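Thanks for coming. I will go through one structure, starting with its aromatic rings and working outwards from there.

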Amino acid sequence: MGLPVKLVCAVNSNDIVHRMLSDGVFSVGESLLTIAPAMDVQIPYNMERIWYLVSDRDTKLVSALMKQFEESQSLPLPPTLLNQLRQTITKSCVVPDQDIRECLKKVWRKMLIFCVLTQLPECIFTRITPRFASKEQ
């Protein structure tokens, strides 16, 4: 059954989740300093939970995958799990610092105050789903 929601993934230049969805390999890359430091990670803490949920709570599978990943820092995902992930996380993209800055400026001009982590969803939402984007962009 998997996870009964559809997700959109926006990441900064530390793009492990976007790369995983694109090429099917969960692998550590170079950790880059960005203007969204809470997202400057190469091993997202919630990935194990997402795998658990989309794999119909298969604890043996997730445990084996995490053990393999911890040993090698690179994990080609089983095709079934990757397919389940792609059915749940239907879109993803990398939002570079310059785009984050532009989104923050737009919100600031509207006199709204957000932190970077709350601004990224708005930024990606308007980028990936243009039919919902504000006419004021």
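A search of the whole structure turns up two aromatic pairs. A pair here means rings of Phe, Tyr or Trp, the last by its six-membered ring, with centres within 6.5 Å; planes under 30 degrees apart are called stacked, over 60 edge-to-face, and the rest tilted. Before the details, some conventions: this is a predicted model, local features need pLDDT of at least 70, side-chain atom pairs count only at pLDDT 80 or more, and totals for chains, interfaces and linings use all residues. Residues are numbered from 1 along each chain as its sequence is written, and side-chain values use heavy atoms, with hydrogens and water left out.

One pair is Phe 26 with Trp 51, edge-to-face, at 5.0 Å centre to centre and 75 degrees between the planes. This pair links distant parts of the chain: Phe 26 belongs to strand 2 (residues 25–27) and Trp 51 to helix 2, 25 residues apart. Helices and strands are DSSP runs numbered from the N terminus, helices being H or I with at least four residues and strands E with at least two.

Are these two rings buried or exposed? Phe 26 is buried at a relative accessible area of 1%, and Trp 51 is buried at 0%. Buried means under 20% relative accessible area, exposed over 50%, and partly exposed in between, with a 1.4 Å probe and protein chains only.

The other pair is Phe 26 with Phe 69: the ring centres are 4.7 Å apart and the planes sit at 45 degrees, so this pair is tilted. Phe 26 is in strand 2 and Phe 69 in helix 3, so the pair ties together parts 43 residues apart in sequence. Phe 69 is buried too, with a relative accessible area of 2%. Through these ring pairs, Phe 26, Trp 51 and Phe 69 are linked into a cluster.

Next, the surroundings of Trp 51. Leaving out residues up to four places away in sequence, Trp 51 touches Met 20, Phe 26, Val 62, Leu 65, Met 66, Leu 75, Leu 77, Leu 81 and Leu 85. A contact means heavy atoms within 4.5 Å. From Trp 51 to Leu 82 the C-alpha distance is 9.1 Å, with their positions 31 residues apart in sequence.

Which residues touch the most other members of the largest nonpolar core? In this core of 21 residues, they are Val 17, Met 20, Phe 26, Met 47, Trp 51, Leu 77 and Leu 85. A nonpolar core is a set of buried Ala, Val, Leu, Ile, Met, Phe, Trp, Tyr and Cys residues joined through side-chain atoms within 4.5 Å. Two or more residues of this core come from each of strand 1 (7–11), helix 1 (16–23), helix 2 (47–54), helix 3 (59–72) and helix 4 (79–88). A second, separate core has six residues, among them Ala 10, Met 39, Cys 93 and Val 95.

Back in the first core, Leu 77 touches Met 20, Gly 24, Trp 51, Leu 82 and Leu 85, again not counting residues up to four places away in sequence.

Helix 2 also holds Leu 53, which is partly exposed at 27% relative accessible area. Its C-alpha is 10.0 Å from that of Thr 88, which is 35 residues away along the chain.

Two backbone points in loops. Most residues other than glycine have a negative phi. Asp 56, however, has a positive phi near 60 degrees; this residue is in the loop between helix 2 and helix 3 and is partly exposed at 41%. Gln 73 likewise has a positive phi near 60 degrees, sits in the loop between helix 3 and strand 3 (74–76), and is partly exposed at 32%.

For the whole protein, there are six helices and four strands, in the order β-α-β-α-α-β-α-β-α-α. Of its 137 residues, 42% are buried. Among contacts with a separation of 6 or more, 67% are between residues 24 or more positions apart.

Last, confidence. The mean pLDDT, the predictor's confidence in each residue from 0 to 100, is 83, and 78% of residues reach 70 or more. Over residues 131–137 the pLDDT is below 50, and this stretch has six contacts in the model beyond near neighbours in sequence. Where pLDDT is low, the predicted coordinates should not be read in detail.
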